[in-house]
Structure formats: C-alpha cells, structure tokens
Amino acid sequence: MQPVHLIDASIYIFRAYFSLPESITNQYGEPVNAITGYADFLHRFLKQTRAINIGVAFDKSLTSSFRNRIFPDYKSNRELPPENLATQLQHCEALTRHLGIATFASKIYEADDLIGTLANIMRKKKRTIHIVSGDKDLAQLIQGRDILWDFARNIRYSTSAIRKRFGVQPEQIVDYLALTGDPVDCIPGVPGVGAKTAATLLQHFRDIGSLYKNLDKLGNVKIRSATRIQQTLKANYKQLKVSRRLARIVTNVPIASAEKRLKRKRPDRNKLEVLFNELDFSDRRLQKFLRLR
C-alpha cells in the first residue's frame, strides 16, 4: 500500500520565489516566478511518486497563529509576503486544488500542525506517512516506518537517520528545540546550550521533565561547564516551558473527512486551463500535468 504523502508547500514556494528571477512574468507583466517553481516541483513530485493519497498544507497564520498569543515575538523576524508573492501563493493553492489534490490551511494553526494532525489521523488507520519538507521541526512527527523527505535535496530521514543527524530520537525533538532554541522562528533556547549539549542531556535524562528532576546529578554528565549549565537551566525554567509549547506540533486540529479528502481526485481540466491562461503557462505544460493521472 502506498504511503500517505503530506507536503509542506511553503518551503517549495519560497525557495522558488527567491531562486527564480522576477523577470519571469505572465502576459500582464506580473511576476510568476514562485508559481512556476512550485508547479515544476509539484510535477516532478507527482511524476516520481504517482501518489494516490496526498495532502498539501499551506501557511496562512504568520501573524495570527495561536503561538503568537503564547509568545508575541514568535516569528517576529519574518516579514509579510510582498504583494506579488501573496498573489502567487493563491495561485499555488489553486493549482493544487485544480489538480485534484486536497489543500489545508488555517489562520490559527500552522502548516506543521495540519500535517501533524493528518499524520496522526492516518497513522490510526495503520498508514505509513511520508512528510515532504526540509523543515527539521517536522522530524518530531516521524514514527515507525515513516519518512521525512527533503525532496529538493533527495534526502529521506527515517527514525534512525533522525537520531543520527540530531543525536536524539524523533520524540525528543521538541525538547531538543526547546533547549537549543530556534532562531528561524524566534524561539528562545537556554543560553549556552547548543546542539551537542542538548543532545547529550537528552541522551542521559530522556526529556526535560527528567532533566529538571535530576539537576543535582548534572555533574555526572560529560558536558563542559556542568555547574554553569545547571544554574542556567534553573534560571530559564519558565522560558523553557514556553519554548517547548512553541516547538511542539499540534496533532489534534479539527479536520473533517480527512481520509476521504486525502484521496486524490481527477484534475479539473477547465479550471486548470483558465489558471494556466492567466499565468501564461503553455498548453504543453498543461498536458504534462494531465498525463500524470
């Protein structure tokens, strides 16, 4: 049985937007570089996998995520998409829908949370999950025979590969991120605790709860400046709890009829033709997509 493929769209859209020139325009002179790159990615993915059960998650919660209520500075380093990208984001979502692929988006929950919830739902159906993204945060969702697939680099991370890369198990990634922090999302970590130290602590104490219950035993762990780190951990306990909440992916977002929606439908040729005309995409490109079914 084929795995369920869950795609984190934003990473591929933004990569295309920043790597392809804005000189790629339609007949109206509007940039279509992001949608061009995303369409190429989606075509390559569908051609390679012939995926049947597939969902694509889009981010619409840059300033309205529930995490912003917990920590106002969350993702404060990110600018809102410029107007020409915002329009292309809508085109990317439309392209995905017209190809018969389920799209998921929320102004409260991030794409990671939608993927986490879909993975949780389908895992209960005994399905293997392949998460298509280069985002390390999603490693926390990998279980059993699941795969985190960095499609652009063609790297697949199994549970053992995640353990080798980070030094911790997938289920420990949340605590790992809370300890190290994540500057990409403005999640503060514990000062002086880097990746190697965080991995060593979690290898020894398993999770943050156990770590704090055994702070007096920190001297038994082979890390530099154990006494200083012990004091820093004590001083940053409250912030660490907040960082952990920010880093944890939600897996119980209300999503109706998930299993049914994830089954790929037939492309809507009429809507694709209208969209491709607007984007000034060739009929040849359209036919390439239609032949995939």
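Okay, let's start with a definition: we say a charge sits over a ring if NZ of Lys or CZ of Arg is within 6 Å of the ring centre and within 35 degrees of the ring normal. Keep that in mind for a minute. One thing to say up front is that this is a predicted model.

So, where does that definition apply here? One case is arginine 285: its charged end sits over the ring of phenylalanine 281, 4.3 Å from the ring centre. Another is arginine 156, whose charged end sits over the ring of tryptophan 149, at 4.1 Å from the centre.

That tryptophan brings me to the aromatic rings. How many aromatic pairs does a search of the whole structure find? The count is 15. Let me show you one of them, phenylalanine 41 with phenylalanine 151, which is an edge-to-face pair, with 5.4 Å from centre to centre and 80° between the planes. What I like here is that the pair links distant parts of the chain. Phenylalanine 41 belongs to helix α2, residues 33-49, while phenylalanine 151 is in the loop between β5 (147-150) and β6 (155-157), and the two are 110 residues apart.

Are those two rings buried or exposed? Phenylalanine 41 has a relative accessibility of 3%, so it counts as buried. Phenylalanine 151 comes out at 10%, and that one is buried too.

Now, phenylalanine 151 has another partner. It also forms an edge-to-face pair with phenylalanine 45, 5.9 Å centre to centre and with 70° between the planes. Again distant parts of the chain are linked: phenylalanine 45 is in helix α2, phenylalanine 151 is in that loop between β5 and β6, and 106 residues separate them. Phenylalanine 45 is buried, just as phenylalanine 151 is.

If you zoom out a bit, these rings belong to one aromatic cluster, made up of Tyr12, Tyr38, Phe41, Phe45, Phe58, Trp149 and Phe151. And yes, Trp149 is the ring with arginine 156 over it.

While we're in that loop between β5 and β6, have a look at asparagine 154, which is found there too. Its phi is near 55°, a positive value in a residue other than glycine. For background, most residues other than glycine have a negative phi. Cysteine 186 is another one to look at, with a positive phi near 60°. You'll find cysteine 186 in the loop between α7 and α8. Its relative accessibility is 21%, so it counts as partly exposed; the cut-off for buried is under 20%.

Next up, helix packing. Two packed helices are described by the angle between their axes and the distance between the axes. Let's go back to α2 and pair it with α4. Their axes are 8 Å apart and the helices pack at an angle of about 25°. That makes α2 roughly parallel to α4, because angles under 35 degrees count that way. The crossing of α2 past α4 is right-handed. Which residues meet there? From α2 we have Asn33, Ala34, Ile35, Tyr38, Ala39 and Leu42, and from α4 we have Leu85, Gln88, His91, Cys92, Leu95 and Thr96.

Let me pick histidine 91 out of that list. Histidine 91 lies in helix α4, residues 83-98, and with 12% relative accessibility it counts as buried. Leaving aside neighbours within four places in sequence, histidine 91 is in contact with Ile35, Leu275, Glu278 and Leu279.

Compare that with α7 (residues 173-180) and α8 (residues 195-205). Their axes come within 9 Å and cross at roughly 135°. That makes α7 oblique to α8. This crossing is right-handed as well. On the α7 side, Asp175, Tyr176, Leu179 and Thr180 meet Ala195, Ala198, Ala199 and Leu202 of α8.

Leucine 179 is my last stop. Leucine 179 sits in helix α7, and its relative accessible area is 0%, so it is buried. Not counting residues up to four places away in sequence, leucine 179 touches Gly189, Val190, Val193, Ala198, Leu202, Ile208, Leu211, Leu233 and Leu240.

And one quick extra from helix α1, residues 9-19, where serine 10 is found. Serine 10 counts as buried at 11% relative accessibility. With residues up to four places away left out, serine 10 touches Ala57 and Asp59. That's it from me, thanks!

Key
Residues are numbered from 1 along each chain as its sequence is written. This is a predicted model: local features need pLDDT of at least 70, side-chain atom pairs count only at pLDDT 80 or more; totals for chains, interfaces and linings use all residues. Side-chain values use heavy atoms; hydrogens and water are left out. Rings of Phe, Tyr and Trp (its six-membered ring) pair if their centres lie within 6.5 Å; planes under 30 degrees apart count as stacked, over 60 as edge-to-face and the rest as tilted. Helices (H or I, at least four residues) and strands (E, at least two) are DSSP runs, numbered from the N terminus. Buried means under 20% relative accessible area, exposed over 50%, partly exposed in between (1.4 Å probe, protein chains only). Axes are lines fitted to C-alpha atoms, for helices over the stretch in contact, and angles run from 0 to 180 degrees between N-to-C directions. Angles under 35 degrees count as roughly parallel, over 145 as roughly antiparallel, 65 to 115 as roughly perpendicular and the rest as oblique. A crossing is left-handed if the near helix is turned anticlockwise from the far one by less than a right angle, and right-handed if clockwise. Contact means heavy atoms within 4.5 Å.
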